[in-house]
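User: I would like a close look at a single part of this model, one helix and what surrounds it, and then a sense of how far the rest can be read.

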Amino acid sequence: MIQGVVVMNDQGKPRLVKFYDYQPVERQQELIRSIYGVLCNRAENVSNFIRADSIFGPDTRLVYKTYATLYFVFIFDSSENELAMLDLMQVFVETLDKCFSNVCEVDIVFNFNKVHTILDEIVLGGQVLETSSSEVMKAVEEISKLEKASNSISLVPKSIPGWQTR
Amino acid sequence: MALSGMRGLSVFISDIRNCPNKEQERLRVDKELGNVRTRFKNEKGLTHYEKKKYVWKMLYIYMLGYDVDFGHMEAVSLISAPKYPEKQVGYIVTACLLNENHDFLRLAINAIRNDVIGRNETFQCLALTLVGNIGGREFAESLAPDVQKLLISSSCRPLVRKKAALCLLRLYRKNPDVVIVDGWSDRMAQLLDERDLGVLTSSMSLLVALVANNHNAYWICLPKCVKILERLSRNNDVPQEYTYYGIPSPWLQVKTMRALQYFPTIEDPNTRRSLFEVLQRILMGTDVVKNVNKNNASHAVLFEALALVMHLDAEKEMMSQCVALLGKFIAVREPNIRYLGLENMTRMLMVSDVQDIIKRHQAQIITSLKDPDISIRRRALDLLYGMCDVSNAKDIVEELLQYLSTADFTMREELSLKAAILAEKFAPDLSWYVDVILQLIDKAGDFVSDDIWFRVVQIVTNNEDLQPYAAVKAREYLDKPAIHETMVKVSAYILGEYSHLLAKRPGCNPQEIFSIIHEKLPTVSNSTIAILLSTYAKILMHTQPPDPQLQNQIWAIFHKYESCIDAEIQQRAVEYFTLSRKGAASVDIMAEMPKFPERQSALLKKAEDTEADTAEQSAIKLRAQQQTSNALVVTDQHPANGYPPVSQLGLVKVPSISTVDRNSEDQGVTQANGTLSVVDPQPLEPSVDVLGDLLGPLRIDGPPGAAAQSDHNLISGPEGATYVEETLALAPVGDQTNNVQPIGSIAERFQDLCLKDSGVLYEDPYIQIGIKAEWRAHHGLLLLFLGNKNTAPLVSVQALILPPSHLKIELSLVPETIPPRAQVQCPLEIINLGPSRDVAVLDFSYKFGTDVVNVKLRLPAVLNKFLQPISVSAEEFFPQWRSLSGPPLKLQDVVRGVRPMSLAEMANLFTIFPLTVSPGLDPNANNLVVSTTFYSERTRAMLCLVRIETDPADRTQLRMTVASGDPTLTFELKEFLKEQLVSIPTISQRPATAPPQVQPTTSPTALSDPGAMLAGLLH
């Protein structure tokens, strides 16, 4: 089971936090800090895997991947396959990329609600829900249409150029 | 403009981003929270849009790490909003903020259910997502049937159905009763025929959860899983959108193989063959390519296939192929694959027969200890630790020691612990073990726990041969300029005990030893000073004749510490001062420590505990777990062998309480405060067996070979009657109406086990019960190995011991269920209270399918197990024999109907029991004189003497005289020997245990000859 999905930037600021087992807010922050503590010490060209026993309890692992200024982290137990988790993360990122055409940190910051929507189409209750990014896109577009239909304000997928720079 | 579609939210987010520091951020957040709170309080006039905006802000604030303790109601209330955007926010934010037990969530159950059963599919999706993420027991009870309906509905879109599958999984986890197995297994099988890969992937996750709990109900899904794998691996009918970097849905392949690992085996040969074809194709057809994502995907499938192959216990050829692949992986450039290669090789260690092939990669694994990635280094360490055995311990431990100097700080503790454990477990010789531990302390003293140095002291104390060596080594380390405090402790302890063994070496006279140790005193802590004081006292005691100069120096130190603020040091100083002035009177008290009672290494125990902590879920891991926990059971019992637990290293030997009492006038103080540990002097000779023979699992043979099978058939044919009779004869209590026939003769197996300490006690088509025993004096530790030979569990397993009155037997807990193909170990502790030939009976029963099997088995805890051979010389024998003058201590009997055998055969038989044949004591070549020691709690160690007179003309009769200091023992031993001689178990297949030479001494010897004396005594 996937226990959590965390996106944070290279300063350790959380950009998306989703746990599939309830964690009180203090614990969430503690977990994010511990993960960041481990990740920021990782060299380049090393594996994407870390045993997370000391952070999450026995038998937990995490995979992470850096995309530009962001760390994507999946936390899961031994019932999942590490590389498959890495693939799923790639699907998540590719979907974000399609959604925001060339996603960057700022897109995720200002559209964190949309990122939640996308993630909910990929992972449900800690299980893999959908692995095809085009299927995910279809579902997300459908939701956008519904939002548009009842909301005069449009969903602009691209950010304002001035906000692009960090 | 609003990126999120809400201007207020975007403004708030950019405000937060513009905060220069945490302080400002908090101020901005507090302001916003205040604002939101006011708006919520004044709910009238709040539009759904505004509510939505505020609720998103709350989630954002929550993500930043601030507690949001209000507004939950508003979030939940949005769930029943009529419009999609508000409803969606309500669902998403509620799922993030609330936990399953939140009261507000309960209030929303109805609204959520309305969405689930409503017609609007997008609403259904939202509701299923929320329930799948945070639904609890109450949701399970009220929603499960609706969710099941959606999952199997043919009119629902796949988008809804795949969510329903995972939602049901969550509800099932919360309350397993919501899935009624009976009806559901067929439905589940139908779901696996699904064409849509999204629905199929979710359904497979559901199946994994179901089979993990109860695979028996889902056998019909197994062939379907294999079909799915075939379809994917052939890329049949896999739509483009489910092909990920050219690999047909790697997730579904992985999940399907995961599901298969929860089935204990695959019995149908066709299914098995198809599966192995697929697996073979995956194993052979995967290459490392340039594209990282493609690599990850193809190897995700490959590693899962490897796990499945391991689980299925493929034939050796395929296993070797897997190891070869893994060997390739641990050397590739891709760090992820190196990592998983090492991890899977570690798992592979669980598979029998491949360890040797894995060892071929040892050099590469050792190289991985230097990998730039700490994750990989850790995996390499785990693997080296797992693959270490007696054959490669030296290489591996020395590598670890070398690596210790350069290892990351974070790894050193683990590394030193592992090195210490391996050194102890697999030491080829004890001096090497001492070397390793001292090096360890030298290189990483900070990480060496007390357990480690206590253990080395115990082992040195218990091995006289080792003591001079350890003392030399300890002395050498003291010459180093800066040594760790632990090294000071261990060296001081060892030199205190054994430095007198080095007296003749240069630099090792008492004065020199004292000086070099005393140099360290100013730099060490109080606990070490206490040890040093003991060392000084010991040095003083060993210096004979006393060296007045040394004496004065040491007394001055004692005197100085008599007023030390640390009570322990003060007490030692006072006591040692007084004791050492007593001269010879103190020798006894200050003598070398007696051997430690054998006990389990605290270190090994610790290692096992941590291993058992990591509970893992998958099937392979379950097996691995069984192995560790079994080891745990065994060793848990091991130290409880009736020895008193001695938790600390006492430094001063107190021979017995009475000694202290005798001198109690001036020594009363020594008993206070427990400074002097009273070590119970056990009349035991603990051989230091660091490994503990019992740790090695007894190999239980697999199912009987064809030959044995046909034998069995023969027996159950015309001779079936005698067979049953035999079983009955062995079951003195109760009647046995078993349909299940034992394999082999229970009686023969028992007889065999009376003469040896390991073997099979009982076997039938379902179970094999093996025994391994260890006897020491009147204690015994008997391990029962209950091995389930089948692919289904044995249930209602019960084992009762019906002990005779002279045996105290404690059986550890026997699990009620023995998992398929698993072996469970149950230790039995036995204490022999007195001599008796009565036999303990194991009343064992279990259920397999409809067969209830109950057998009553004699346990080979028989009289001769408490015998130990002892050879007596003529000088010892005759006075004893003479003093035991007649009944009831000495009994004579004529035994008839003896199975004819030569005298050498008989002597051989006695040696096996074990009795010691003393050739030459009896002048008559046709007679045997035999001695042995019998141990029981009542009699303690008691010498038994036996004389057998045979008649070469008639080998079927003999005269036997038995003598011992206990009438019951004499009688029981005599009867026991009679039984053995009359019905002799087959011993022909036993390896010849050096037949004692019974030399015919023909010449009539002089009266001074002991034999002649014996003859005189006997007649």
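Analyst: This is a predicted model, and the part chosen here is helix α22 of chain B. The cover over the buried residues of α22(B) includes four other helices of chain B: α20 (362–368), α21 (374–387), α23 (409–426) and α24 (430–444). The residues of α22(B) that are buried are B:Ala393, B:Ile396, B:Val397, B:Leu400, B:Leu401, B:Tyr403 and B:Leu404. Seen down the helix axis, these buried residues fall within an arc of 165 degrees, so they line one face of α22(B).

The length of the helix can be checked as well. Helix α22(B) covers residues 393–404, which is 12 residues, and at 1.5 Å a residue it should span 16 Å. Its end C-alpha atoms are 16 Å apart, in agreement with that expectation.

The chain around this helix comes next. Chain B contains 43 helices and 16 strands. Of its 1019 residues, 56% count as buried. Among the contacts in chain B with a separation of 6 or more, 69% are between residues 24 or more positions apart.

Two single residues of chain B show the two ends of the burial scale. B:Lys22 is found in helix α2 (residues 22–41) of chain B, and its relative accessibility of 52% makes it count as exposed, because the cut-off for that class is over 50%. Apart from neighbours within four places in sequence, B:Lys22 is in contact with B:Leu64 and B:Tyr66. B:Thr265 sits in the loop between α14 and α15 (269–284) of chain B. With a relative accessible area of 12%, B:Thr265 is buried. Its contacts, again leaving aside neighbours within four places in sequence, are B:Trp219, B:Leu222, B:Arg272 and B:Thr791.

Chain B also has strands that pair. Three of them form an open sheet in the order β6-β9-β10, with antiparallel pairing. The edge strands of this sheet are β6 (795–802) and β10 (851–858), each of which pairs on one side only. From one strand to the next the twist averages 10 degrees. β6(B) is joined to β9(B), residues 841–848, by six bridges, and the two strands run antiparallel. Across this pairing, B:Gln798 stands opposite B:Ser845 of β9(B).

Chain A has an open sheet too, here of five strands in the order β2-β1-β5-β4-β3, and the pairing is antiparallel. Its edge strands are β2 and β3 (49–51) of chain A, each pairing on one side only. The twist averages 15 degrees from one strand to the next. Although β2(A) is an edge strand, six of the six residues in β2(A), residues 14–19, are buried, so this strand is largely enclosed by the rest of the structure. Five bridges join β2(A) to β1(A), residues 2–9, and these two run antiparallel. In that pairing A:Val6 has A:Val17 as its bridge partner, and A:Val5 has A:Lys18. The hairpin of β1(A) and β2(A) has four residues between the strands, and A:Gly12 takes a positive phi near 90 degrees there. Helix α3 (residues 82–100) of chain A lies across β1, β2, β3, β4 (60–67) and β5 (70–77) of chain A, and runs at about 35 degrees to β4(A).

How far these details can be read depends on confidence. Chain B averages a pLDDT of 80, and 82% of the residues score at least 70. Within chain B, confidence is highest in helix α14 (residues 250–260), at a mean of 96, and lowest in helix α34 (residues 619–637), at 32. Over residues 612–736 of chain B the pLDDT is below 50, and this stretch has 201 contacts in the model beyond near neighbours in sequence. Residues 985–1019 of chain B also have a pLDDT below 50, with 59 contacts in the model beyond near neighbours in sequence. Where pLDDT is low, the predicted coordinates should not be read in detail. For the complex, the predictor gives an ipTM of 0.90 and a pTM of 0.64.

Definitions and conventions
Residues are numbered from 1 along each chain as its sequence is written. Chains are lettered from A and ligands numbered from 1 in the order in which they are written. This is a predicted model: local features need pLDDT of at least 70, side-chain atom pairs count only at pLDDT 80 or more; totals for chains, interfaces and linings use all residues. Side-chain values use heavy atoms; hydrogens and water are left out. Two strands pair if DSSP finds at least two bridges between them. Axes are lines fitted to C-alpha atoms, for helices over the stretch in contact, and angles run from 0 to 180 degrees between N-to-C directions. The expected span of a helix is 1.5 Å times one less than its number of residues. Buried means under 20% relative accessible area, exposed over 50%, partly exposed in between (1.4 Å probe, protein chains only). The arc is that of the directions from the helix axis to the C-beta atoms. Contact means heavy atoms within 4.5 Å. pLDDT is the predictor's confidence in each residue, from 0 to 100.
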